[in-house]
Amino acid sequence: MDLNLKVNENGDMIIGNVDVNEIADLYGTPLYVIDEERIRNNYKRVFNAFTKYHEKFRVFYACKANTNLAVMRILEDEGSSIDAVSTGEVYTSLKTGFTPERILFTGNNVKDDELKFVDEQNVLINLDSISQLERLAKIVNPENYKISFRVNPMVGAGHHEYCITGGIMSKFGIKEEEASNIYKKAIKLGFKPIGMHSHIGSGILEPEPFKLATKALLDIAGNVASDVDIDFEFLDLGGGLGVPYTPEEKLLDIDKFAEEITGIFKSKIKEHGLGNPYLYIEPGRYLVGDASILLTRVNTIKNSYRRFVGVDTGFNTLLRPVMYGSYHHIVVANKVNDEEVEKVDVAGNVCESGDLFARDRILPKIEEGDLLAILNAGAYSFSMASQYNSRPRPAEILVNNGDIEVIREKETYEDLFNKQIVPKRLQK
Ligand code: LLP
């Protein structure tokens with residue numbers, strides 16, 4: 001099994017060398033627990049794999065996966081750069097110590113105020129439409145102003161149709177046929193395009209779509225370079241590298257993956273005479289996905305038409321199972337080695353029928369009071385959490401080789417009213 005699951009001799013789950021039962025007792029549930037060492041190792045693994053084959057390489061952490069300030073600090077410390085998709089992410093990145101040249105802004109349907117904000121922070125803008133280019137030309141002085149464009153490589157892949165970002169149904173990127181024209185137009189306006197970007201989707205465990213996309217992106221860049229006078233400083237392959245969520249899925253062989261992708265990259269660079277550009281990638285999930293768990297306690301066992309294991313959180317804290325039908329492995333943290341004997345539905349506490357973490361999941365015999373750990377809750381989990389049903393969001397804990405630190409306090413009831421104003425005439 002390639003899932004990141006560690007157990008001690010008593011059959012209790014551990015993370016960052018701490019028994020998760022101990023963490024739950026200390027801080028209560030629901031609770032996110034993040035393993036610092038795992039994030040650092042994930043970063044090093046991908047960085048070392050690629051730089052072994054291509055020195056001019058940079059990792060841009062897609063921080064939409066997890067914008068906790070401590071997580072951002074860890075990745076800044078490792079040397080990562082940032083893929084930011086909103087002004088809020090640009091702001092967060094700057095606040096956590098990323099210098100502007102370590103941030104790339106790739107927005108979609110970006111308004112003028114946002115372009116202006118990103119420009120004022122001296123962050124490079126990766127444009128996604130002709131509209132954005134024309135509007136940016138009015139906001140900044142285009143003379144020698146560096147930009148990049150996102151293209152649609154007509155390759156798409158992902159764990160769910162909502163997470164496929166290339167191909168004819170995608171709202172992202174510039175059409176291949178329009179690529180040369182938009183670069184021409186940009187240069188005519190005075191801009192200095194220095195890069196090209198694509199991102200095909202998210203949660204991809206097979207190398208094939210990435211290989212196709214690498215070829216496609218490099219061919220588009222080659223065509224553009226033959227039509228306009230341009231020297232690409234970087235070509236950005238986007239993110240999308242998956243992690244195993246089920247016990248059957250296998251970890252991506254990152255070394256082989258890097259060898260194959262850099263191989264295609266280099267041969268295409270040569271074929272098209274593209275010089276010596278940087279290769280960028282933008283992993284989000286790969287860096288943080290398997291570094292975190294969500295702890296939740298069983299409070300109710302209900303034998304209805306189905307056997308429901310009721311827990312103390314719901315899709316307000318982890319939306320992925322409901323939004324994408326995503327599988328998240330669940331372990332009974334105080335009985336990890338017990339035999340799996342019963343088929344249950346693990347149900348959340350939100351007042352919606354769809355609020356289930358799992359259907360027909362085979363688990364050890366569960367009793368009220370047991371602690372469940374929902375694995376792979378590091379990416380798109382807290383960052384997609386809400387206060388739905390008026391439930392304050394949970395705390396986040398960082399563990400690191402035996403140390404335990406609170407990196408986000410649990411919200412309070414008062415936090416539910418944050419920024420709300422009751423007009424005087426309605427006050428009591
Ligand atoms: N670059 C761009 C431009 C992106 O839009 C994304 C993700 C990434 C990089 C990073 O993708 P990753 O390496 O994490 O797969 N909420 C969904 C995932 C949405 C991803 C959106 N864009 C989920 O929970 O699976």
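The exercises below deal with the ligand, the pockets and the cavity of a predicted model.

**Exercise 1. Find which residues surround the ligand, and sort the shell by class.**

Solution. Step 1: count the residues that have a heavy atom within 4 Å of the ligand. There are 20 residues around the ligand, and the closest are His159, Ser202, Glu282, Arg320 and Tyr380.
Step 2: sort the shell by class. Seven residues are nonpolar, seven are polar and six are charged.
Step 3: assign the shell to domains. Domain 1 (6–35 + 289–417) and domain 2 (36–285) each supply at least three residues of the shell.

**Exercise 2. Identify polar atoms of the protein that lie within 3.5 Å of a ligand N or O atom, and state what share of the ligand surface the protein buries.**

Solution. Step 1: look at the oxygen atoms of the ligand. A polar backbone atom of Gly240 is 2.8 Å from a ligand oxygen. In the side chain of Arg285, an N or O atom is also 2.8 Å from an oxygen atom of the ligand.
Step 2: look at the nitrogen atoms. A ligand nitrogen lies 2.7 Å from a polar side-chain atom of Tyr324.
Step 3: consider the surface. The ligand taken alone exposes 580 Å², and the protein buries 92% of that area.

**Exercise 3. Describe the largest pocket and explain where it lies relative to the two domains.**

Solution. Step 1: give the volume. The largest pocket holds about 690 Å³ of space. Its lining has 29 residues, with Lys64, Thr165, Phe172, His199 and Tyr380 closest to the pocket centre.
Step 2: sort the lining. Nine of its residues are nonpolar, 13 are polar and seven are charged.
Step 3: place the pocket. Because domain 1 (6–35 + 289–417) and domain 2 (36–285) both give residues to the lining, the largest pocket lies between them.
Step 4: locate the ligand. The ligand sits in this largest pocket.

**Exercise 4. State the volume and the lining of the second largest pocket, then do the same for the largest cavity.**

Solution. Step 1: take the pocket. The second largest pocket has a volume of about 260 Å³. It is lined by 16 residues, and Lys302, Phe308, Gly310, Ala347 and Gly348 lie nearest its centre.
Step 2: take the cavity. The count gives one cavity of 30 Å³ or more. The volume of the largest cavity is about 80 Å³.
Step 3: name lining residues. Among those lining the largest cavity are Ser198, Ile200, Phe210, Leu237, Phe257 and Ile281.

Key:
Residues numbered from 1 in each chain as written. Predicted model: local features only at pLDDT ≥ 70, side-chain atom pairs only at ≥ 80, totals over all residues. Heavy atoms only, no water. Polar contact = N/O pair within 3.5 Å; in protein donor to acceptor, adjacent residues only side chain to side chain. Areas by Shrake-Rupley, 256 points an atom, 1.4 Å probe, with all protein chains shown as cover. 1 Å grid on protein atoms, 1.4 Å probe; cavity = no way out; pocket = protein on both sides within 12 Å on 5 of 7 lines; lining within 4 Å. Sits in = over half its atoms within 2 Å of the grid points. Nonpolar A, V, L, I, M, F, W, Y, C, P; charged D, E, K, R; others polar. Domains from an automatic or database assignment. Points joined across faces, edges and corners; volume = space filled by probe spheres on them.
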